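Please open the model in a viewer and keep the sequence panel at hand. The stops below indicate what to select at each stage of the tour.

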Amino acid sequence: MKVIAGNSNRPLAEAISAALNVPLTKANIRRFSDMEVFVEILENVRGEDVFVVQSTSHPANDNLMELLVTIDALKRGSARRITAVIPYFGYARQDRKTGPRTPISAKLVANLITTAGADRVLTMDLHAGQIQGFFDIPLDNLMAAPEFVKDIKRTTPDGDQLMIVSPDVGGVVRARALAKRLDADLAIIDKRRERAGVSEVMNIIGDVSNRRCILVDDIVDSGGTLCNAAVALMDAGAKSVSAYVTHGVLSGGAVARVAASPLQELVTTDSIQATEAVRVSRNVRQMTISQLMAEAITRISEERSVSSLFD
Ligand code: R5P
């Protein structure tokens with residue numbers, strides 16, 4: 001087995017390599033002076049089972065191009081099997097036409113990865129499960145939920161006061177699954193703008209008064225969805241509000257917005273490398289998925305089932 005790291009998330013790749021006890025394969029992934037991506041694999045990969053770890057997070061286009069060029073280099077170096085390990089799959093929110101003459105970029109990215117030469121994909125909490133079908137190669141879509149459950153049980157003492165909350169109607173399936181694992185109640189926030197130009201109304205389905213609310217989502221980007229939900233829950237009498245979100249995109253002033261919000265804590269995974277703002281933040285914490293990724297890689301390599309990782 002060989003593990004190669006792109007530049008998007010070296011700390012996670014190094015943690016995965018340490019958990020596997022497999023050193024990262026030496027590779028030179030760099031830019032020419034005109035910023036074209038150049039990749040040189042510095043070890044023999046002929047006949048090897050190769051895993052390329054690269055999230056397509058910010059800067060999404062550069063990181064995607066690095067992934068594609070690395071896969072191409074491995075294919076031309078006669079790797080036996082190439083698995084694209086993409087802890088955060090960027091472009092996933094563009095998974096359908098949202099209007100006339102708009103793209104389905106998630107499908108285009110899936111095509112690019114397949115055409116570059118990936119034999120399979122390992123990822124986590126895709127924005128929509130159906131994106132698996134955009135690939136005509138095997139794809140394993142791991143879930144952060146089992147890791148979140150362990151962390152919630154460890155950090156939330158009065159479990160009977162727990163209320164899992166979906167911050168929008170689109171996230172209900174994900175929130176319900178977590179509530180079931182924790183044997184907790186479920187509430188849903190329904191955002192509505194009655195008329196154009198009139199501010200959004202947040203209706204909470206469920207009684208959250210005196211409850212420890214945990215918001216669950218797949219992505220936190222600007223932080224608007226979470227912070228507005230946290231305010232609405234506190235206004236409705238919640239005892240506290242925290243959030244578990246798989247992918248901390250946290251663009252623009254998101255970390256500051258989260259810091260200024262009533263959120264006690266925002267927990268994300270390290271599918272995207274923490275920025276300095278995240279590292280020094282008062283209420284954002286990252287938990288690592290390196291062990292989970294390493295276990296999935298081992299099982300794929302040994303042709304064993306990965307389904308127990310979903311328990
Ligand atoms: C939307 O469908 C996603 O699940 C997230 O709720 C959304 O991407 C969060 O974005 P933001 O943090 O910018 O509100």
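Which residue just after α9 takes a positive phi? Select Glu-303: in this predicted model, the phi angle of Glu-303 is about 55°.

**The whole chain**

Begin with the entire protein in cartoon representation. Nine helices and 14 strands make up its secondary structure. The radius of gyration is 20 Å, close to the 19 Å that the globule rule gives for 311 residues, so the protein is as compact as a globular protein of that length. Along the principal axes, the C-alpha atoms occupy a box of roughly 60 × 45 × 35 Å.

Next, display contacts. Among those with a separation of 6 or more, 62% join residues 24 or more positions apart.

Then switch to a surface representation. The exposed area is about 14400 Å², with 49% of it supplied by carbon and sulfur atoms. Of the 311 residues, 51% count as buried. Colouring by charge brings up 36 positive and 37 negative charges, whose mean positions lie 2 Å apart.

**Helix α9**

Select residues 290-301, which form helix α9. At 1.5 Å a residue, these twelve residues should span 16 Å, and the end C-alpha atoms are indeed 16 Å apart, which agrees.

How many of the twelve residues of α9 are buried? Nine are, and the helix is thus mostly covered. To see them, show the side chains of the buried set, which includes Leu-292, Met-293, Ile-297 and Ile-300. Ser-290, Thr-298 and Arg-299 are also buried, as are Ala-294 and Ala-296.

Now add the elements that cover these buried residues. Among them are two helices, α1 (10-20) and α4 (145-155). The cover also includes the strands β4 (49-53), β5 (81-86), β6 (120-124) and β7 (139-142).

**The loop at Gly-237**

Move to the loop between α6 (224-235) and β12 (240-248), and select Gly-237 there. Is this glycine buried, partly exposed or exposed? Gly-237 has a relative accessibility of 32% and therefore counts as partly exposed, since that class lies between the 20% and 50% cut-offs.

Display the neighbours of Gly-237 as sticks. Leaving aside residues up to four places away in sequence, Gly-237 touches Val-208, Ser-209 and Asn-210.

As a last step, draw a distance from the C-alpha atom of Gly-237 to that of Val-121. The two residues are 116 positions apart along the chain, and their C-alpha atoms are separated by 43 Å.

Key
Residues numbered from 1 in each chain as written. Predicted model: local features only at pLDDT ≥ 70, side-chain atom pairs only at ≥ 80, totals over all residues. Heavy atoms only, no water. Helix = DSSP H or I, 4+ residues; strand = E, 2+ residues; numbered from the N terminus. Rg over C-alpha atoms; globule rule 2.2 N^0.38 Å. Buried < 20%, exposed > 50% of the residue type's maximum accessible area, 1.4 Å probe, protein only. Contact = heavy atoms within 4.5 Å. Areas by Shrake-Rupley, 256 points an atom, 1.4 Å probe, with all protein chains shown as cover. Lys, Arg positive; Asp, Glu negative; His and termini not counted. Charge placed at Lys NZ, Arg CZ, Asp CG, Glu CD. Expected span 1.5 Å × (residues − 1).
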